[in-house]
Amino acid sequence: GKKLSFNFAAFFFAPYWFFYRKLHKLGVVFLAIFILLSSMSFLPPAMKLNETIYEFETQAQELMEDEKTEEEYETAVMDLYKSNYEKISKNKAGIIIFAVQSVGNLAISVFIGLNANKWYYNHTLSKVKIISQEKEADKRREKLFLAGGVAYGAAFLALLVFSSLQLIFSQSGYHT
């Protein structure tokens, strides 16, 4: 029977792992999916949720810097927690977006981790089958050499594209 395997590199570094392993079509598909999920952060409810969390963190930091008794500090933290909890709990759309992103990213990464070795094996097998049809040994060796190995540049380029798009989205979105 087929043995189930898990590729941790693909799990942690998808979609870049695909480009690194020269699985460019799958890399493009999963890069697009991750870009789509990431872009949800720039929807107004998600940005409002992030703004509320940032305000809470800033206010909590300011509380720690104030000279207060332990009781005054606990009361102030609870008041801060209650006011921010209300804001956050009213932002149902922001919470849903955050949940969809988190669960979506994890589910896709697990799916990739479970299937990466099989995809890579099939990709490699098909390349070898095609190249083995080459009549001349020197050309066959050259084609195998070019088809094998890894593509650092392609992985880096994919990372650059993803990071650039995130930067563009964040610059065009809401500023705190």
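**Notebook: patch, helix α4, salt bridges**

I started with the surface and found a nonpolar patch of about 700 Å², made by Phe-156, Leu-157, Leu-159, Leu-160, Val-161, Leu-165, Ile-168 and Phe-169. Note to self: this is a predicted model. I picked out Leu-165 from the patch and placed it in helix α8, residues 152-172. Leu-165 has a relative accessible area of 30%, so I put it down as partly exposed.

**Helix α4**

Next I checked how straight the numbers run for α4, residues 44-65. With 22 residues at 1.5 Å a residue, I expected a span of 32 Å, and the end C-alpha atoms are indeed 32 Å apart, so the two agree. Then I asked which residues of α4 are buried. I got Ala-46, Met-47, Leu-49, Glu-51, Thr-52 and Leu-63. Looking for what covers them, I found that the cover includes α5 (70-90) and α6 (92-132).

**Asn-91**

I then went to the loop between α5 and α6, where Asn-91 is found. Is Asn-91 buried or exposed? Its relative accessible area is 11%, and the cut-off for buried is under 20%, so Asn-91 counts as buried. Its side chain reaches the backbone nitrogen of Gly-94 at 2.8 Å. Leaving aside neighbours within four places in sequence, I have Asn-91 in contact with Pro-45, Lys-48 and Leu-49. Leu-49 had already come up among the buried residues of α4.

**Salt bridges**

How many salt bridges does a search of the whole structure find? It finds 5, and I wrote up some of them.

Glu-55 pairs with Lys-87, the closest N and O atoms being 3.5 Å apart. This pair links distant parts of the chain, with Glu-55 in helix α4, Lys-87 in helix α5, and their positions 32 residues apart. I have Glu-55 as partly exposed at 28% relative accessibility, and Lys-87 as partly exposed too, at 43%.

Glu-134 forms a salt bridge with Lys-143, and here the closest N and O atoms are 2.9 Å apart. At 18% relative accessibility Glu-134 counts as buried, while Lys-143 is partly exposed at 40%.

Asp-138 bridges to Arg-141, with the closest N and O atoms 2.8 Å apart. Why about one helical turn between them? Asp-138 and Arg-141 are 3 residues apart in helix α7 (residues 137-147), so about one turn separates them. My reminder: an α-helix has 3.6 residues a turn, so residues three or four places apart point the same way. Both Asp-138 and Arg-141 are exposed.

How values were computed:
Residues are numbered from 1 along each chain as its sequence is written. This is a predicted model: local features need pLDDT of at least 70, side-chain atom pairs count only at pLDDT 80 or more; totals for chains, interfaces and linings use all residues. Side-chain values use heavy atoms; hydrogens and water are left out. Patches are made of residues with over 30% relative accessible area and no salt bridge: like charges are joined within 9 Å, nonpolar side chains (Val, Leu, Ile, Met, Phe, Trp, Tyr) within 5 Å. Accessible areas come from the Shrake-Rupley method with a 1.4 Å probe; for residues, only the protein chains shown count as cover. A salt bridge is a side-chain nitrogen of Lys or Arg within 4 Å of a carboxyl oxygen of Asp or Glu. Helices (H or I, at least four residues) and strands (E, at least two) are DSSP runs, numbered from the N terminus. Buried means under 20% relative accessible area, exposed over 50%, partly exposed in between (1.4 Å probe, protein chains only). The expected span of a helix is 1.5 Å times one less than its number of residues. Contact means heavy atoms within 4.5 Å. A polar contact is a pair of N or O atoms within 3.5 Å; within protein, one must be able to donate a hydrogen and the other to accept it, and residues adjacent in sequence count only if both atoms are side-chain atoms.
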